[in-house]
Amino acid sequence: MDVKGKLDQGILSIESDNRIVFTVDLAGRFIFYTDGDATYRRSLENRFLRIKHVGSRRVVEQISEDDGRRIAETAYSFLRSAYDDLPQDLKDAASGFLDMNYEKLVIDSAKMREIYGGEVPIVPPDQYFPIYVQAETGCSWNRCTFCRLYRDRSYGVRSIDDFAEHIHRIKDFFGNGIAARKSVFVGDANAVNIDQKTLLQMLDMIRSEFNLPIFSFVDAITTQKRKSEIQFQEMRDHGLKRVYIGLESGDPGVLRIFNKLMNVSEAINLVNKIKGSGINVGIILMAGAGGKKYSKSHVENTASVISQMDLGKGDIIYISPMYEYEDTEYYGLTKDLGIMTAEEKEAQIQELRSRIREEFQDFNGRQLDAPIAPYDLMEAVY
Ligand code: SF4
């Protein structure tokens with residue numbers, strides 16, 4: 001077998017001449033495996049996603065535990081069979097985890113869940129590869145009708161001592177694999193709401209332990225009243241680079257149905273305040289929000305709200321199809337709202353993309369200098 005490999009920024013990649021590529025961190029954790037037909041990604045919680053292209057569509061699916069086991073074993077067998085043909089520096093890097101297998105991945109994920117008191121339910125689309133630190137547990141709002149992320153987790157802020165221990169446990173968990181991580185994400189749902197003095201202390205601890213850029217979620221419901229532009233400037237000075245806001249929609253009717261109790265002008269003010277502080281934002285929208293009933297007003301009002309946000313370089317807008325889960329309050333309303341099909345949601349993503357750009361240009365007299373990226377919520381796993 002003709003084998004190539006590289007070690008770059010803490011990630012070891014091994015590639016064979018028949019289009020197989022296996023990527024691991026330096027503790028041997030499975031990251032990606034490509035067999036020429038599909039790509040598989042493992043989350044730290046040991047969920048395996050299959051990513052395939054069907055025509056022009058990128059299709060992401062979580063595969064079964066058995067299939068995950070099979071893929072992991074195939075990937076590690078490939079690593080072992082390629083090992084003798086690797087250059088010496090890559091052999092040295094891989095020698096410590098040649099015996100890695102699915103069972104060890106299961107043990108690894110159990111350790112991770114112990115650190116976080118359960119699963120990490122979500123990370124933003126471009127942050128599935130950070131070091132996740134949990135400054136607070138759960139969501140202080142926790143009442144959006146479509147959301148089940150933190151339903152079973154009580155809200156609380158870690159004490160400074162507890163946070164220090166938490167960080168050390170995380171470092172210990174990653175071991176050599178920490179070199180593959182490129183940022184720190186501070187969770188859970190709205191960590192910037194933490195009392196300012198404690199938050200800045202936590203940001204300093206993160207910076208001194210990891211020396212990586214820091215990211216976090218902000219909820220648009222409670223943060224506008226709690227944090228000033230000066231306080232955001234302080235967060236920026238303490239390492240916070242970008243915050244992600246789950247706006248979902250700019251339509252007041254949809255937001256009411258979601259029980260996202262905010263006035264859209266408050267969301268606009270919040271984003272402009274954050275931008276004024278020098279921190280970038282990621283705005284997260286959902287295609288299919290409010291179902292068929294709101295399909296027109298969702299697009300129009302979302303485009304109008306986004307156009308009033310002072311967005312530019314370093315910001316990003318993400319749009320995912322909405323998933324309607326049967327065990328949510330929102331699902332009970334969908335009889336009246338009508339659930340959009342996958343194709344209709346896909347079409348709405350394209351509609352939102354063009355309407356946002358048009359509206360932004362009309363309102364500001366300049367182009368929106370930020371990407372609008374489709375993604376799939378399913379991929380936002382840690
Ligand atoms: S604010 Fe975010 S995390 Fe909290 S309930 Fe609403 S959608 Fe869920």
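Is Leu247 buried or exposed? Select this residue as the starting point of the tour, keeping in mind that the model is a predicted one. Leu247 lies in strand S13, and with 26 C-beta neighbours inside 10 Å it counts as buried. If you show its surroundings and set aside residues up to four places away in sequence, you will find that Leu247 touches Ala220, Ala267, Ile283, Ile284 and Leu285. For a longer reach, draw a distance from Leu247 to Asn301, which is 54 residues further apart along the chain, and the two C-alpha atoms will be found separated by 12 Å.

Stay on the strand and step to Glu248, which is placed in strand S13, residues 240-248. The backbone deserves a look here, since phi of Glu248 is near 70°, a positive value in a residue other than glycine. Glu248 is also buried, with 24 other C-beta atoms within 10 Å.

**The nonpolar cores**

Next select Ile245 and look at what surrounds it. Leaving aside neighbours within four places in sequence, Ile245 is in contact with Val218, Ala220, Val271, Val281, Ile283 and Ile284. Ile245 belongs to the largest nonpolar core, which has 82 residues, and it is listed with Val133, Val243 and Leu285 as having the most contacts inside that core. Apart from this core lies another, of 24 residues, and Ile31, Tyr40, Tyr76 and Leu90 are among them.

To explore around Tyr40, select Ile71, whose place is in helix H1, residues 65-82. Ile71 is buried, with 20 other C-beta atoms within 10 Å, and because the cut-off for a buried residue is 20 or more, this count is enough to qualify. Ile71 and Tyr40 are 31 residues apart in sequence, yet their C-alpha atoms are 8.0 Å apart in space. When neighbours within four places in sequence are left out, the contacts of Ile71 are with Tyr33, Tyr40 and Phe48.

**The ligand**

Now select the ligand and display the residues around it, which are Cys139, Trp141, Asn142, Arg143, Cys144, Cys147, Leu149, Tyr150, Ala189, Asp219 and Gly246. How many residues of this shell are nonpolar, polar and charged? Colouring the shell by class gives 7 nonpolar, 2 polar and 2 charged residues.

**A pair of helices**

Select helix H3, residues 102-116, together with helix H4, residues 160-174, and view the two from the side; they pack at an angle of about 170°, with their axes 10 Å apart. An angle over 145 degrees counts as roughly antiparallel, and therefore H3 is described as roughly antiparallel to H4. To see where the helices meet, show Lys111, Met112 and Ile115 of H3 and Arg169, Ile170 and Phe173 of H4, the residues that make the contact. By class, this contact of H3 with H4 has 4 nonpolar, no polar and 2 charged residues.

**Backbone details in two loops**

Move to Asp188, which is found in the loop between strand S11 (184-187) and helix H5 (196-210). Zoom in on the peptide bond that leads from Gly187 to Asp188, for this bond is cis, with omega near 5°.

The other loop to visit holds Asn46 and runs between strand S5 (39-42) and strand S6 (48-54). Although Asn46 is not a glycine, it has a positive phi of about 70°. Asn46 is buried as well, with 21 other C-beta atoms within 10 Å.

**Two last stops**

Select Asp8, which lies in strand S1, residues 3-8. In contrast to a buried position, Asp8 is exposed, with 9 other C-beta atoms within 10 Å. Draw a line from Asp8 to Ala180, and you will span 172 residues along the chain while the C-alpha atoms are separated by 8.6 Å.

The tour ends at Arg357, which is found in helix H12, residues 342-364. Arg357 counts as partly exposed, with 17 C-beta neighbours inside 10 Å. From Arg357, add Asp369 to the selection; these two residues are 12 apart in sequence and 9.4 Å apart in space, C-alpha to C-alpha.

Methods: Residues numbered from 1 in each chain as written. Predicted model: local features only at pLDDT ≥ 70, side-chain atom pairs only at ≥ 80, totals over all residues. Near = placed C-beta within 6 Å. Nonpolar A, V, L, I, M, F, W, Y, C, P; charged D, E, K, R; others polar. Axes fitted to C-alpha atoms, helices over the stretch in contact; angles between N-to-C directions. Helix = DSSP H or I, 4+ residues; strand = E, 2+ residues; numbered from the N terminus. Parallel < 35°, antiparallel > 145°, perpendicular 65-115°, else oblique. Contact = placed C-beta atoms within 7 Å. Buried ≥ 20, exposed ≤ 12 C-beta atoms within 10 Å, placed from the backbone. Core = buried A, V, L, I, M, F, W, Y, C linked by C-beta atoms within 7 Å.
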